[in-house]
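Student: I'd like to learn how to read the overall fold of a model like this one. Could you walk me through it?

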Amino acid sequence: MGLLTQIATLPLAPVRGVAWVVERLVQAAEDECYDPRPVERELAELEQALLTGQIDEETFDRREDELLDRLAEIRAHRGGTLT
């Protein structure tokens, strides 16, 4: 942007600043929502609960299916990339 354009659009600076903050907040929320680590951690805890007898196999299967579906959703959202 040229100097004249910057001066002419100076009154819009607060709006651009707010828009930038909103974009960062949305990105942070999406990063948190689509983070596979908590789901993977919960899968490991679920398996441990099954092995120690805290839950039965039916409960394990049902919850495992839910978590695997969520993990597939996360990976699809991220374009199939793992981080």
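Tutor: Happy to! Helices and strands here are DSSP runs, numbered from the N terminus, with at least four residues for a helix and at least two for a strand. Keep in mind that this is a predicted model. Along the sequence, the protein reads α-α-α-α, that is, 4 helices and 0 strands.

Student: How does the radius of gyration of the protein compare with what the globule rule gives?

Tutor: The rule is 2.2 Å times the number of residues to the power 0.38. For 83 residues that gives 12 Å, while the protein has a radius of gyration of 22 Å, well over the rule, so the protein is more spread out than a compact globule. The box filled by its C-alpha atoms, along the principal axes, is roughly 70 × 25 × 15 Å.

Student: And what percentage of the residues count as buried?

Tutor: Buried means under 20% relative accessible area. In this protein, 14% of the 83 residues count as buried. The accessible surface comes to about 6,500 Å², and carbon and sulfur atoms hold 59% of that.

Student: Let's try one residue. Where is P11 placed, and is P11 buried or exposed?

Tutor: P11 sits in the loop between helix 1 (3-8) and helix 2 (13-33). Exposed means over 50% relative accessible area; P11 has 62%, so P11 is exposed. For a sense of distance, the C-alpha atoms of P11 and E64 are separated by 53 Å, with their positions 53 residues apart along the chain.

Student: How far apart are the mean positions of the positive and negative charges?

Tutor: For the 9 positive and 18 negative charges, the mean positions are 11 Å apart.

Technical notes
Residues are numbered from 1 along each chain as its sequence is written. This is a predicted model: local features need pLDDT of at least 70, side-chain atom pairs count only at pLDDT 80 or more; totals for chains, interfaces and linings use all residues. Side-chain values use heavy atoms; hydrogens and water are left out. Buried means under 20% relative accessible area, exposed over 50%, partly exposed in between (1.4 Å probe, protein chains only). Accessible areas come from the Shrake-Rupley method with a 1.4 Å probe; for residues, only the protein chains shown count as cover. Lys and Arg count as positive and Asp and Glu as negative; His and the chain ends are not counted. The place of a charge is taken as NZ of Lys, CZ of Arg, CG of Asp or CD of Glu.
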